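Let us walk through the aromatic side chains of this protein. Have the coordinates open as you read.

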Amino acid sequence: MKQKGNIIIVSAPSGCGKTTITNKILKTVKGVKRSISVTTRTPRGGETKKKDYYFISEQSFKNKAKRGEFLEWVKNFGYYYGTPKKKLFDQLKSGNDVLLTIDVKGAAQVIKKLKDSVSVFIAPPVFEDLAKRLKKRATDGAKEVRKRLAIARKEMAFSKKYDYIIVNDKVADAVEKLKAIIIAKRCERDRYEKG
């Protein structure tokens with residue numbers, strides 16, 4: 001029996017901790033890889049090329065999109081983001097599970113295309129906590145924080161379209177819940193193919 005990899009989609013409004021949670025999963029769960037998105041924005045402090053994102057020009061991104069190189073792509077906050085198809089499918093063929101940390105618009109595209117993917121929405125315990133978290137991380141100015149909060153309200157409405165919702169009141173608990181979802185998906189009968 002050959003085991004196929006699974007696609008685990010993880011979405012959350014800005015500041016809900018999806019990056020922290022998925023990074024902990026990558027360190028503690030064997031056989032899970034992260035899909036590295038392509039973006040047209042510039043790196044934020046501490047981000048590394050080819051580790052956090054592939055940073056490219058807008059024209060290069062549009063060319064890749066025209067050639068059908070992305071599984072999904074969206075424009076957010078004035079920048080393009082996309083999931084490279086080939087690298088993702090190579091990881092799945094190797095038997096690895098792949099975490100896609102993408103927004104709700106990108107997630108909707110993947111869910112529509114890949115019916116066997118698993119979708120997980122990370123939510124804050126209370127919406128008001130988001131403003132505190134966004135200000136605390138200090139990567140955006142006040143205007144950008146207000147914009148992100150307005151978008152977060154809209155994103156929260158999409159949570160009911162996901163297979164699972166994890167409320168991130170404690171990071172350690174949220175990590176354990178996501179780990180349980182990954183393990184449960186690995187145990188599904190359809191994940192195995194003769195080979």
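Which residues do ring pairs link into a cluster? They are Phe61, Phe70, Trp73 and Tyr80. Keep in mind that this is a predicted model.

Now widen the view. A search of the whole structure finds 7 aromatic pairs. One of them joins Phe61 and Trp73, two members of the cluster. Their ring centres are 6.2 Å apart, and the planes meet at 75 degrees. That angle is over 60 degrees, so the pair counts as edge-to-face. The contact links distant parts of the chain. Phe61 belongs to helix 2, residues 58-66. Trp73 belongs to strand 6, residues 70-76. The two residues are 12 apart.

How do the partners sit relative to solvent? Phe61 has a relative accessibility of 1%, so Phe61 counts as buried. Trp73 has a relative accessible area of 38%, so Trp73 is partly exposed.

Turn next to Phe121 and Tyr162. Here the ring centres lie 5.3 Å apart. The planes stand at 65 degrees, so this pair is edge-to-face. Phe121 lies in strand 9, residues 118-123. Tyr162 lies in the loop between helix 6 (142-156) and strand 10 (164-167). The pair therefore ties together parts that are 41 residues apart in sequence. Are these two residues buried or exposed? Phe121 is buried, and Tyr162 is buried too.

One last contact involves a charge and a ring. The charged end of Arg41 sits over the ring of Tyr53. Its distance from the ring centre is 4.7 Å.

Technical notes:
Residues are numbered from 1 along each chain as its sequence is written. This is a predicted model: local features need pLDDT of at least 70, side-chain atom pairs count only at pLDDT 80 or more; totals for chains, interfaces and linings use all residues. Side-chain values use heavy atoms; hydrogens and water are left out. Rings of Phe, Tyr and Trp (its six-membered ring) pair if their centres lie within 6.5 Å; planes under 30 degrees apart count as stacked, over 60 as edge-to-face and the rest as tilted. Helices (H or I, at least four residues) and strands (E, at least two) are DSSP runs, numbered from the N terminus. Buried means under 20% relative accessible area, exposed over 50%, partly exposed in between (1.4 Å probe, protein chains only). A charge sits over a ring if NZ of Lys or CZ of Arg is within 6 Å of the ring centre and within 35 degrees of the ring normal.
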